[in-house]
Amino acid sequence: MKITPYGNFLIQLTRLGFVNCYLVREDDGFTLIDTGLPGSTRAILAAANSYGLPIVRLVLTHAHSDHVGSLDALHTELPDAEVAITARDARFLSGDHSLDANEPQVQLRGGYPICKTKPTRKLVHGDRIGSLEVIATPGHTPGHAAFLDLRDRTLIAGDAFQVLGGVAVSGTVKPLFPLPALATWHKPTALQSAQTLRALEPSRLAVGHGRVLVEPLAAMDRAIAVLAHELNGQKRHAA
Ligand SMILES: [Zn+2]
């Protein structure tokens, strides 16, 4: 596992070159954001250990398999850690794949594995968890969340954006790494969420797939413009 620190609080953990999770340093230990693919547990624990700090929170951006893959195994090793995910994506962990009446009635995409671990905390927009503010960013999944570190405006955006294969809003197909786009539920909602994240003026953009971007606003603007253009074109075509 590749370990890359950024600033005082963020450590990126990368497995197989394409799946990231993050350790966020807090006064009482680390918050782990996402758990990677199955089989990542040992490497994640070793990374935290190398800093001499315990993992005290397991927080998930969304319920896709490359983000919750090691949740159950980590929870077994860390039974006292808080486990947090949005109330909306928590339903997927228990196998409930229903859509709500007020959601776009389009097919879910990507893998949503059932997990034994029960969240101890269900998050909604505006909640605080440690130094992180919860930002509801639906689109990639119905209950996707991003996390803004209020100490230095580092934004951990999950799959709301991708960087590997080219910076893109979730939903724009990047041929060199198309997986996030192919797993995206509803592109117009993903575009709105990307605009929400851009308006936060993050100092760093840390995503599920790809390196951390420092001073990311211009790259976010370009990515938002690309998806907006694509969706406008579809509207014109349909009219
Ligand atoms: Zn995903």
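Let me start with E215, whose place is in the loop between β15 and α7 (217-238), where helices (H or I, at least four residues) and strands (E, at least two) are DSSP runs numbered from the N terminus. The phi of E215 is near 50°, a positive value in a residue other than glycine, and E215 is exposed, with a relative accessible area of 64%; buried here means under 20% relative accessible area, exposed over 50%, and partly exposed in between, with a 1.4 Å probe and protein chains only.

Before going on, I should say that this is a predicted model, in which local features need pLDDT of at least 70 and side-chain atom pairs count only at pLDDT 80 or more, while totals for chains, interfaces and linings use all residues. Residues are numbered from 1 along each chain as its sequence is written, and side-chain values use heavy atoms, with hydrogens and water left out.

A second case is R153, in the loop between β10 and β11, which has a positive phi of about 60° although it is not a glycine, and which is partly exposed, with a relative accessible area of 33%. As background, most residues other than glycine have a negative phi.

Both loops adjoin strands of the sheet, so let me turn to that. It is an open sheet of 6 strands with mixed pairing, in the order β8-β9-β10-β11-β14-β15, and two strands pair if DSSP finds at least two bridges between them. β8 (128-129) and β15 (213-214) stand at the edges with a single partner strand each, so one side of each is left without a neighbour in the sheet. Further in, β11 (residues 154-158) and β14 (residues 204-207) pair in the parallel sense over 4 bridges, and L155 has L205 in β14 as its bridge partner.

Now the metal: which residues coordinate the zinc ion? They are H62 (NE2), H64 (ND1), H140 (NE2) and D159 (OD), at 2.2 to 2.3 Å, donors being N, O and S atoms within 2.8 Å of the metal (3.2 Å for Na, K and Ca), and since water is not among the atoms, sites may look incomplete. The angles among the 4 donor atoms run from 87 to 174°, and the site is irregular. Four donors count as tetrahedral if all angles lie between 85 and 135 degrees; four count as square planar and six as octahedral if opposite donors are over 155 degrees apart and all others between 65 and 115; anything else is irregular. In sequence, the donor residues are spaced H-x1-H-x75-H-x18-D. One pair links distant parts of the chain, with H140 in the loop between β9 and β10 and D159 in the loop between β11 and β12 (161-162), 19 residues apart. H140 and D159 are both buried.
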